[in-house]
Amino acid sequence: MSVVAAVQMASGPNVGANLNEAERLIARAADAGAKLIVLPENFAIMGMTEHDKVKVRERQGKGPIQDFLSRRAVAHHVWIVGGTVPLAGDDPERVYAASLLYDEKGRQVARYDKMHLFDVKLEERDEHYQESLTITPGDQVVVVDTPFGRLGLAVCYDLRFPELFRSMLDHDVEVIVVPSAFTAFTGRAHWETLVRARAIENLSYVIAAAQGGYHYNGRETYGDSMIVDPWGVILDRLPNGSGVVCANIELRHLQRIRRNFPAVSHRRLSCEREHS
């Protein structure tokens with residue numbers, strides 16, 4: 001049994017201020033006994049414009065945001081998922097929205113680049129998003145061994161693409177983390193349904209850490225960070241405001257569900273296995 005936590009924030013354009021808030025909430029989660037702590041998407045910056053994150057991009061393995069995550073992991077002897085960090089690629093006008101996993105020794109042990117980009121128009125709210133202008137999409141499914149089980153990494157809009165999570169099953173996923181920044185409009189309509197569906201259909205734990213609140217750029221995010229068990233039971237949630245949700249995850253519970261209700265093994269159509 002392990003205690004895991006999802007951190008909820010309402011990040012702004014100042015990286016330093018956001019890291020200070022993340023540090024406070026990481027400490028709170030660690031004090032509650034969490035050994036795996038998941039930060040939300042864009043935890044280090046929610047800029048006034050989409051290009052602001054490009055201005056603070058970092059090279060893989062080097063930069064103040066990555067150094068912060070490594071130091072906090074060591075200081076609290078925890079594993080940390082750094083929601084998304086803007087990492088440089090070949091295109092000077094775009095970044096990768098990279099979800100980075102650090103172990104308790106401060107080593108970066110996994111990186112997942114957000115695969116599905118939020119290019120949508122919400123006409124009811126006169127909101128328009130085009131992440132592809134500033135983000136380069138990833139193309140790799142990432143599932144890694146951790147003390148908490150086989151951990152799969154996804155980000156926000158990925159929740160709407162169940163084939164990604166089916167691909168994770170082909171890599172024996174047991175716990176899925178989904179740092180997010182859902183809009184208030186789409187969150188009210190779909191957030192809980194999507195998070196619980198991904199847990200239920202894959203018989204996996206889901207740790208969904210969200211941005212939640214009003215941001216300096218005028219955007220409102222939905223929040224409702226939650227931890228869901230493989231049967232779709234919400235173990236803890238935070239509807240709004242900054243804070244932390246914690247829960248126990250138990251792989252024996254997951255294995256018992258999969259053994260008694262073997263929907264995973266009953267699949268007739270399966271993604272092809274890919275081995276690195």
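These exercises work through a predicted model of one chain.

**Exercise 1.** Work out whether the radius of gyration of the chain agrees with a compact globule.

*Solution.*
- Start with the length: the chain has 276 residues.
- A compact globule with 276 residues would have a radius of gyration near 19 Å.
- The chain has 17 Å, which agrees.
- Now add the extent. The C-alpha trace spans about 50 × 45 × 40 Å along its principal axes.
- Then look at burial: 55% of the 276 residues are buried, meaning under 20% relative accessible area.
- Last, take the contacts with a separation of 6 or more. Residues 24 or more positions apart account for 69% of them.

**Exercise 2.** Describe how strands β8 and β9 are joined and paired.

*Solution.*
- Count the elements: the chain holds six helices and 16 strands.
- Locate the pair. β8 covers residues 143-146, and β9 covers residues 149-153.
- Check the link: two residues lie between β8 and β9, and the strands form a hairpin.
- Read the direction: the pairing is antiparallel, over four bridges.
- Pick one bridge: V144 has L151 in β9 as its partner.

**Exercise 3.** Find which residues of helix α4 are buried, and what they pack against.

*Solution.*
- Helix α4 runs over residues 162-169.
- Its buried residues are L164, F165, S167, M168 and L169.
- Trace their strand neighbours. The buried residues of α4 pack against β5 (108-113), β10 (175-177) and both hairpin strands, β8 and β9.
- Trace their helix neighbours: these residues also pack against α5 (184-202) and α6 (251-260).

Terms used:
Residues numbered from 1 in each chain as written. Predicted model: local features only at pLDDT ≥ 70, side-chain atom pairs only at ≥ 80, totals over all residues. Heavy atoms only, no water. Pairing = 2+ DSSP bridges. Buried < 20%, exposed > 50% of the residue type's maximum accessible area, 1.4 Å probe, protein only. Contact = heavy atoms within 4.5 Å. Rg over C-alpha atoms; globule rule 2.2 N^0.38 Å.
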